[in-house]
Amino acid sequence: MAQYRLHNPLAPYLFLSPFLLIIGVFVAYPLLQSVNLAFHQTFGPGFQRFVYLDNFFNLLQDPLFWKALRNTLTYAVATLFIQMPLALGLALLLNQPWLRGRTFLRLIFFSPALVGPVFVGFLSTIVFAGRVGLLNRVLNGLFGFNPDYAWLQNHVMGALIIAGLWMYVGFNMIFFLAALQNVNSDLLDAARIDGAKAWQRFNHVILPAIRPVFGFVVLLSLIGSFQLFELPFVLLNQTAGPDYQGLTIVMYLYLNGFEIGDLGYASAIGWVLAVILIVPTALQRFYFGRKEED
Amino acid sequence: MVDRFQRAITVIFLWFFAILTLLPFFWMLCGSFKNTGDFLTGLFLPQGSGLFGVAWDRLTWDNYREIFTNERVNFFHSGMNSVFLASVTSLLATLASAMGGYALAKFNFRLRKPITALVLLTLLIPPPLLLAPTYQLLYWLNLLDTYTGLILPAAAPAFGVFLFRQAILNAISNDIIDAARIDGCGEGRIFFSIILPLVRPMMGAFLMITFLAMWNNFITPQVVLQTPEKFPLAVAIVNLREAYNMQEYGISTASTLFSIAPIACLFLLLQREYLSGLTSGAVKG
Amino acid sequence: MKSALIKNQSVGLLIITALAVVSGLYGLLRPVSESEGLTFWRVNETWDKEIYGRAIDDWTSVNDKQVNVQVLGNHGLWQRMRSGFFSGTPMADLIEMHLEIMMGVYNGPEEAIGFLDLTDLLKRDGLLEVINQPTLSPWSSRGHIYGIPVSVSGVMLAYRADIVEEAGIDMEAIETWDEFMNTLRPLVRDLDGDGYPDRYLLEMEEGSETGSWVEMLILQAGGRYFDRNGKVEINSEINARVISKIALWGARPDKLTVDLPIFSLAGNQLLIDGYAVAWLVSDWRTKFMKLYLKPLAGKVKLMPIPAWEEGGRRTSILGSRMLGIPKTGHNIEESWDLVKKLYLDREVCRDRYLEGDAITPLMSLWDDPVFDQPDPFFSGQKKGRMFIELAPDVPEMPSSPYNMAARRAVAAASRSLRAFAEEKGITSSQNLHSKARQLLAAAEADIRFRADRNTFLRE
């Protein structure tokens, strides 16, 4: 790398100063404080009591925490196995050069991603309502589905997964579409001339070319799924729903920290979440990191 | 022949999905103009004797009038709050990120490596982890229930520094900067009149990304803000439901629609920059 | 030069800068409402605005003090209260709120309870003895009273007189739940022939999250979730008996109860359509029936809840709203005076019954003739008197910060029990008993775990 000696040695620090200042105050300090808090039980920010490692021991025995973890995992896995194939499929279809109105369709599929989870959650209370809800009406019209089926009482997770699909399939599709631009079209034509079947072309030409992006999108959606909060929280009117069916890790963190007032327990939950996420996040960042070297 | 058949199937399939995707929007739009009785009876527009068999005269502006004039949850105020929070945050965040990214990309200084590592490490922290300690910090700093307490922590995202560093690293040659320096340009001038114009697409994209993120952010304003007059739409809409005992479907749809319309407009203006900026982190090598 | 500058900037930057300027100016120019006098936060009801308006006008004209009323939703209120108690953000002088919120207030150390202990003030003004004692129980913690309830909060059974009379059933003769279910059983049927029954006997929470219906029936039977010291007591004989019955009522194929999203648009319509013959209703909730079930006027009647055994208790309690004074209030005496005006004044209480159907818990006002007025909505029954006669029997509801969690846990146990009964085809509550105990033991362990975790409540 070339050495620059032309500039004032302080210049880079000046450019970085807003970032460093804010990171120092609002990231580094809270990060340390969250370690400290995790060893305390608090009632609001004012009252606190040192409880050694009790928060973590309690967390391990806390059936609600395990429930939250299980719910979150269910959502994440469902997201992965339903959303990813759909998003990739849509991207492949939309990538056909002969297709008219591709840009328009792309915008349509992407549009739900603009709507924040709060608003989707809010809207979903009516979408999933029995009798008057959009979903039951559509399902009833198409398949004669029970019009009174109470999604939000019997199958909160189903409702969440459906809402998640609507929101994020188009979002993920955008990444796949971008990746598909990297596919070597000469190679694809050659394969076609050689008589390769569609799935063979997909397996041997397309998939290798988009594999890095595929990994990126999977990790991104995994990390996002693990932080699911607003959608169920608003959908279930600021509760965890019947039988805690909609309880997620971050919702449990919020409820403990800000409904009950125990910032210590909330921090402990935060640390467990961080530990769970560190593996996929590090993988993703490592991927980022590897790319920028060249 | 088979090919044509396949194509037709593909087109039908895609448009079917597209309609399915748009259905909630359309349903919302119809619902927002209906009174409660019509909401119960018809899926979309109320049926009647008007044009296309629709009872146009039964459609009403009342739902919108209600959310703009309600004394408890005024959506116009909340909308302005949202605009303010989102625009100020995105401007500050974009500026700070561009500055930081530029420094890390084009300067050689002793702390360059450690700071780059810091940026990458910061990206590893899941935001919910910092929620509780940040709340306590804002309590100590006396910043609870203020916009400062909401905007400052979001004003220099590591993600932005990272994105701008990538963009500047890739898009700008060192020679331009050096030439400007030899010409006697100050560092500030170089940044504002050479660097920023060259990363314009990334700026547009990142402005939109942060604007959208702040607009749709719920958990932080929910925790930090207390006074209803200060609530952005995301928090106000949740309170709105309580104000009406969840009885008023028309008002629910109207308020949701109003909350997402500004974002949709902005997106239509910036969609090209936004979409390419969004995927650049993943795709660009 | 200038145009070049603009040309070099992104469209997004220009738009967003413009937005920031416009919204910033709007925020600066917006008038800020600064208020003097007492601040009063209250929960939302649409129908009692006028009662409060009149009472407050009255009070202001006498005391020459402003009252600044802010109406908030349940969660919004809790959030502001919590933030005020925890973090010292601005607080009201007077707060009205629902029971669901109050339980969270008891969570921390006693000194962190943000509300003023009203016991001494009540004693001083000779009011303690004349308030219906059981009604005070949910608003008290560790021996202190933190709020005055708005209504006596007793519970009765509302039933569709039209349907029952058409079938020739005499409701007066029904004394117990078993009799109720057995006598009315023939009414369950599929009226429109679509394969789904559309008439059930009782609206009963089966899936909803709150669990207050199950709790109501348990308290009626003499069970409870916590003892007076707040110790968890979920796994009891009596609780098991009640949830076994509830489970059987809801179990297919002989399903007798139905869960309607009560007081939601869809639920209202279903009630009007006769999906449920009867449902539980408290004094203050009869107002909601009048508001949302208008077509049922003159078609419904009230009766004491069927007892669990002959001669048993025929009412229960459904926590309503209360008024409390935050410790940080500027002028406690003034706030207390306003509390008395709003909740304990004869005129206001009379209005509140006439317009809001809430019956004051103040026994000294029960002689008022207003409570003897026939209520046309309930086919001319003297609704007020009926509730008042039941008031001394209203069970206590011990307060605990874990009450809401206990409700949900027991409701979940009763749901699991129902699923178990359906799966095994069990039709007698004796055969469900051991499973019920097992489920309640799990619920109790769950709640005890949470309560024990709280070091602030340990001393």
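**Exercise 1. Domains of chain A**

Task: State which domains chain A is divided into in this predicted model, and characterise the side of domain 1 of chain A that touches domain 2 of chain A.

Solution.
- Step 1. The assignment divides chain A into domain 1, covering 11–50, and domain 2, covering 56–293.
- Step 2. Taken over C-alpha atoms, the centres of domain 1 and domain 2 of chain A are separated by 30 Å.
- Step 3. The contact involves 10 residues of domain 1 of chain A and 9 residues of domain 2 of chain A.
- Step 4. On the side of domain 1 of chain A, helix 1 and strand 1 (40–43) are the elements that give two or more residues. Strand 1 of chain A supplies the largest share, 4 residues.
- Step 5. Sorted by class, this side of domain 1 of chain A holds 4 nonpolar, 6 polar and no charged residues.

**Exercise 2. The contact of chain A with chain B**

Task: Determine how many residues each of chain A and chain B brings to their contact, and which element gives the largest share on the side of chain A.

Solution.
- Step 1. Chain A brings 78 residues and chain B brings 75 residues.
- Step 2. On the side of chain A, the largest share is that of helix 1 of chain A, with 16 residues.
- Step 3. The side of chain A that touches chain B comprises 58 nonpolar, 15 polar and 5 charged residues.

**Exercise 3. A helix pair across chains A and B**

Task: Classify the crossing of helix 1 of chain A and helix 6 of chain B as parallel or perpendicular, and list the residues that meet.

Solution.
- Step 1. The axes of helix 1 (residues 11–38) of chain A and helix 6 (residues 131–140) of chain B come within 8 Å and cross at roughly 105°.
- Step 2. Angles of 65 to 115 degrees count as roughly perpendicular. Helix 1 of chain A is therefore roughly perpendicular to helix 6 of chain B.
- Step 3. Helix 1 of chain A contributes A:Phe26, A:Tyr29, A:Pro30, A:Gln33, A:Ser34 and A:Leu37. They meet B:Ala132, B:Pro133, B:Thr134, B:Gln136 and B:Leu137 of helix 6 of chain B.
- Step 4. The residues of this helix contact divide into 7 nonpolar, 4 polar and no charged.

**Exercise 4. Two positive phi values in chain A**

Task: For A:Tyr52 and A:Asn237, give phi, the position in the chain and the degree of exposure.

Solution.
- Step 1. A:Tyr52, a residue other than glycine, has a positive phi near 55°. A:Tyr52 lies in the loop between strand 2 (47–50) and helix 2 (54–61) of chain A.
- Step 2. A:Tyr52 counts as exposed because it has 9 C-beta neighbours inside 10 Å; the limit for exposed is 12 or fewer.
- Step 3. A:Asn237 is not a glycine either, and its phi is positive, about 55°. A:Asn237 belongs to the loop between helix 11 (230–235) and helix 12 (249–260) of chain A.
- Step 4. A:Asn237 has 18 other C-beta atoms within 10 Å and is therefore partly exposed.

**Exercise 5. The sheet of chain C**

Task: Give the strand order of the open sheet of 5 strands in chain C, identify the strands at its edges, and describe the pairing of strand 10 of chain C.

Solution.
- Step 1. The order is 9-8-10-7-11, and the pairing is mixed.
- Step 2. Strand 9 and strand 11 (300–303) of chain C each have a single partner strand, so they stand at the edges, with one side of each left without a neighbour in the sheet.
- Step 3. Strand 10 of chain C pairs with strand 7 (residues 155–160) of chain C in the antiparallel sense over 5 bridges. Here C:Val155 is opposite C:Ser282.
- Step 4. Strand 8 (residues 200–203) of chain C runs parallel to strand 10 of chain C, joined by 3 bridges. C:Tyr200 faces C:Ala276, and C:Leu202 has C:Ala278 as its bridge partner.
- Step 5. In strand 10 (residues 276–282) of chain C, 7 of its 7 residues are buried.

**Exercise 6. A cis peptide bond and a contact of chain C**

Task: Locate the cis peptide bond that joins C:Arg252 and C:Pro253, then analyse the contact of chain C with chain A.

Solution.
- Step 1. The bond between C:Arg252 and C:Pro253 is cis, with omega about 5°. C:Pro253 sits in the loop between helix 11 (237–250) and strand 9 (257–258) of chain C.
- Step 2. Turning to the contact, 21 residues of chain C touch 26 residues of chain A.
- Step 3. Helix 4 (74–87), helix 12 (265–272) and helix 18 (429–453) of chain C each supply at least two residues on the side of chain C. Helix 4 of chain C gives the largest share, 5 residues.
- Step 4. That side of chain C divides into 9 nonpolar, 8 polar and 4 charged residues.

How values were computed: Residues are numbered from 1 along each chain as its sequence is written. Chains are lettered from A and ligands numbered from 1 in the order in which they are written. This is a predicted model: local features need pLDDT of at least 70, side-chain atom pairs count only at pLDDT 80 or more; totals for chains, interfaces and linings use all residues. Axes are lines fitted to C-alpha atoms, for helices over the stretch in contact, and angles run from 0 to 180 degrees between N-to-C directions. Angles under 35 degrees count as roughly parallel, over 145 as roughly antiparallel, 65 to 115 as roughly perpendicular and the rest as oblique. Two residues are in contact if their C-beta atoms, placed from the backbone, lie within 7 Å. Ala, Val, Leu, Ile, Met, Phe, Trp, Tyr, Cys and Pro count as nonpolar, Asp, Glu, Lys and Arg as charged, and the others, Gly among them, as polar. A residue is buried if 20 or more other C-beta atoms lie within 10 Å of its own, exposed if 12 or fewer, and partly exposed in between; C-beta atoms are placed from the backbone. Two strands pair if DSSP finds at least two bridges between them. Domain bounds come from an automatic or database domain assignment.
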